[in-house]
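Here is a friendly walk through a protein chain, from its core to its sheet. Have the structure open beside you as you read.

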Amino acid sequence: MRRPKEYFPIHKCKWCGTNVDPNKWCAERAIALVERTACFTCTFWLEKVEVKDDKRSVRVNGTHYFIGPENAGEVGRGFGGSKFRIAFHDGRRVESTNLWCQGNIPELWREQLPDNAQWDTLKELAEVEL
Ligand SMILES: [Zn+2]
């Protein structure tokens, strides 16, 4: 017997005020929106806030990135496998050939997702001088 689809009441996003009909999304996403009382976009950024202290979370000049595993296959690497050198504000320096961009962080989320890194151009300059 097929289980009837769960119905989620319409709610107002507590972050941006948009009316949200969670039923427009698959069940998994609908539950994520209901749990956060948020719209799709605010849920997307809330999920980034929830992992903002993860060592793979990169924020440079108001844009959000996430470092994927280096052992990922050739297909499906962020930026087509381009190499990025990241200088985190906490002193870590990381090279990645699997960096993924999630887009510019909207003004509403900038305070909770402040920059935590910059592109490591000093190392590149040092290599040029060699
Ligand atoms: Zn919203």
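Let us begin at Trp109, which sits in helix H3 (residues 107-110). Please keep in mind that this is a predicted model.

**Trp109 and the core**

Is Trp109 buried or exposed? Trp109 has 21 C-beta neighbours inside 10 Å, and a residue counts as buried from 20 upwards, so Trp109 is buried. Leaving aside neighbours within four places in sequence, its contacts are Trp45 and Val49. Another residue to look at from here is Leu46: the two C-alpha atoms lie 8.3 Å apart, although 63 residues separate Trp109 from Leu46 in sequence.

Trp109 also belongs to the largest nonpolar core, a group of 9 residues. Its other members are Val20, Ala30, Leu33, Ala38, Cys39, Cys42, Trp45 and Ile105. Which elements give two or more residues to this core? They are helix H1 (27-36) and helix H2 (40-50). As background, nonpolar side chains tend to be buried together in soluble globular proteins.

Helix H2 deserves a closer look. Its buried residues are Cys42, Thr43 and Trp45, and these pack against H1 and H3. Two of the core members, Cys42 and Trp45, are thus named again here.

Ile105, another core member, has its own set of contacts. Beyond its neighbours within four places in sequence, Ile105 touches Arg59, Gly62, Thr63, His64, Arg110 and Leu113.

**Two domains**

The domain assignment of the chain gives domain 1 as 1-50 and domain 2 as 53-130. How many residues does each domain bring to the contact? Domain 1 brings 5 residues and domain 2 brings 7. On the domain 1 side, 4 of the touching residues are nonpolar and 1 is charged, with no polar residue.

**Positive phi angles**

The loops hold some backbone angles that are worth finding on your screen. Asn61 lies in the loop between strand S3 (57-60) and strand S4 (63-67), while Phe79 is placed in the loop between S4 and strand S5 (84-88). Neither Asn61 nor Phe79 is a glycine, yet each has a positive phi. The table sets them beside Gly91, found in the turn of a hairpin.

| Residue | Phi |
|---|---|
| Asn61 | about 50° |
| Phe79 | about 50° |
| Gly91 | about 100° |

Asn61 is exposed, because 10 other C-beta atoms lie within 10 Å of its own. Phe79 has 14 such neighbours inside 10 Å and therefore counts as partly exposed.

**The three-stranded sheet**

The hairpin with Gly91 is made by S5 and S6, with 4 residues between the two strands. S5 and strand S6 (residues 93-96) run antiparallel and are joined by 4 bridges; here Arg85 stands opposite Glu95 in S6. S5 also pairs with strand S8 (residues 117-119), in the antiparallel sense and over 3 bridges. In that pairing, Ala87 stands opposite Gln118 in S8.

Together these strands form an open sheet of 3 strands in the order S6-S5-S8, with antiparallel pairing. Why is one side of S6 and of S8 left without a neighbour in the sheet? S6 and S8 stand at the edges and each has a single partner strand, so one side of each stays unpaired in the sheet. Neighbouring strands of this sheet are turned by 30° against each other on average, direction ignored. In general, strands of a sheet pair through backbone hydrogen bonds.

Definitions and conventions: Residues numbered from 1 in each chain as written. Predicted model: local features only at pLDDT ≥ 70, side-chain atom pairs only at ≥ 80, totals over all residues. Core = buried A, V, L, I, M, F, W, Y, C linked by C-beta atoms within 7 Å. Buried ≥ 20, exposed ≤ 12 C-beta atoms within 10 Å, placed from the backbone. Contact = placed C-beta atoms within 7 Å. Domains from an automatic or database assignment. Nonpolar A, V, L, I, M, F, W, Y, C, P; charged D, E, K, R; others polar. Pairing = 2+ DSSP bridges. Axes fitted to C-alpha atoms, helices over the stretch in contact; angles between N-to-C directions.
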